[in-house]
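Here are some exercises to work through with the sequence and the 3D view side by side. Try each task yourself before you read the solution below it.

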Amino acid sequence: MSADASRAVSGSGDKAVHVWEPRSGKSLGALEGHTGKILWLSFLPDARRVISASQDKSLRLWDLESMKEVLVLGGHTKQVSCVAVTPDGALAASCSSDGTVRLWRTDTGACERAFGHEGLAPNALEFSADGKELFVAWADSKVRGYAVKP
């Protein structure tokens, strides 16, 4: 659900991102482009854009006003299992079963940084409220923080 509750999104095995008007439950359409199941969705703070993570090893940034794909973020070598966005919407972070976390610019799609931790798989991630740190839950059941902005 977007922060302003104007839209909801869902994804599943049909490989599409479905957009909904949450108050009425009316479908606003489907966004197609992934070739694998949708595993995670995160809204950007403007509530107009959403990022999808998929089994197809990619993330896609979608514009919900035009219902069009804006960027494809590629670089992971296995499925992308989660994605989070900074409070200002400038960066997205993704985790993958390839053992890496990647930081992406949402304006250009450039990967600013990729890292792992001792060969472990990242399971989940979230930015701090100020967007300066990224917290990652790793397969060893520990959460570690990483500075991402000065």
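Strands here are DSSP runs of E that hold at least two residues, numbered from the N terminus. Please keep in mind that the model is predicted.

**Exercise 1. Describe the overall build of the chain: how many helices and strands does it have, and what is its radius of gyration?**

Step 1. Start with the elements. The chain has 14 strands and zero helices. Read from the N terminus, the order is β-β-β-β-β-β-β-β-β-β-β-β-β-β.

Step 2. Turn to the radius of gyration, which is 15 Å for the chain; the globule rule gives 15 Å for 150 residues, so the chain is as compact as a globular protein of that length. The C-alpha trace spans about 45 × 30 × 30 Å along its principal axes.

Step 3. Look at burial and contacts. Of the 150 residues in the chain, 45% are buried. Among contacts with a separation of 6 or more, 35% are made by residues 24 or more positions apart.

Step 4. Finish with the surface and the charges. About 7,200 Å² of the chain is accessible surface, and carbon and sulfur atoms hold 50% of that. There are 18 positive and 18 negative charges, and their mean positions lie 3 Å apart.

**Exercise 2. Find the two loops that hold Ala-47 and Ser-141, and decide whether Ala-47 is buried or exposed and whether Ser-141 is buried or exposed.**

Step 1. Place Ala-47: this residue sits in the loop that joins β4 (38–43) to β5 (49–54). Its phi is positive, about 65°, although Ala-47 is not a glycine.

Step 2. Place Ser-141: this residue belongs to the loop between β13 (133–138) and β14 (143–147). Ser-141 is not a glycine either, and its phi is positive too, near 70°.

Step 3. Apply the cut-offs, under 20% for buried and over 50% for exposed. Ala-47 has a relative accessible area of 4%, so it is buried. Ser-141 reaches 72%, so it counts as exposed.

**Exercise 3. Trace the salt bridge of Glu-65: which residue is its partner, and which parts of the chain does the pair link?**

Step 1. Recall the general idea: side chains of opposite charge can pair when their charged atoms come close. The whole structure has nine salt bridges.

Step 2. Identify the partner. Glu-65 meets Arg-7 in a salt bridge, with 2.6 Å from N to O. The pair links distant parts of the chain, 58 residues apart: Glu-65 is in the loop between β6 (58–63) and β7 (68–74), and Arg-7 is in the segment before β1 (8–11).

Step 3. Compare the surroundings of the partners. Glu-65 is partly exposed at 48% relative accessibility, whereas Arg-7 is buried at 15%.

**Exercise 4. Follow the salt bridges of Asp-46: how far is the closest N to O approach with Arg-48, and which residues does the network join?**

Step 1. Take Arg-48. Its salt bridge with Asp-46 has the closest N and O atoms 3.6 Å apart. Arg-48 is partly exposed, with a relative accessible area of 35%.

Step 2. Take Arg-49. The side chain of Arg-49 also meets that of Asp-46 in a salt bridge, at 2.8 Å from N to O. Arg-49 counts as partly exposed at 22%, and Asp-46 does so at 30%.

Step 3. Put the pairs together. Shared partners join Asp-46, Arg-48, Arg-49 and Asp-63 into one salt-bridge network.

**Exercise 5. Explore two sets of contacts: which residues, beyond neighbours within four places in sequence, touch Ser-2 and Glu-21?**

Step 1. Locate Ser-2 in the segment before β1. With 3% relative accessibility, Ser-2 is buried.

Step 2. List its partners. Beyond neighbours within four places in sequence, Ser-2 is in contact with Arg-7, Phe-43 and Ala-47. From Ser-2 to Ser-42 there are 40 residues in sequence and 8.6 Å between C-alpha atoms.

Step 3. Move to Glu-21, in strand β2 (residues 16–21). With neighbours within four places again left aside, Glu-21 is in contact with Ser-6, Lys-26 and Leu-28. Glu-21 and Ser-6 are 15 residues apart along the chain, and their C-alpha atoms are separated by 6.5 Å.

Note on methods. Residues numbered from 1 in each chain as written. Predicted model: local features only at pLDDT ≥ 70, side-chain atom pairs only at ≥ 80, totals over all residues. Heavy atoms only, no water. Salt bridge = Lys/Arg side-chain N within 4 Å of Asp/Glu carboxyl O. Helix = DSSP H or I, 4+ residues; strand = E, 2+ residues; numbered from the N terminus. Buried < 20%, exposed > 50% of the residue type's maximum accessible area, 1.4 Å probe, protein only. Rg over C-alpha atoms; globule rule 2.2 N^0.38 Å. Contact = heavy atoms within 4.5 Å. Areas by Shrake-Rupley, 256 points an atom, 1.4 Å probe, with all protein chains shown as cover. Lys, Arg positive; Asp, Glu negative; His and termini not counted. Charge placed at Lys NZ, Arg CZ, Asp CG, Glu CD.
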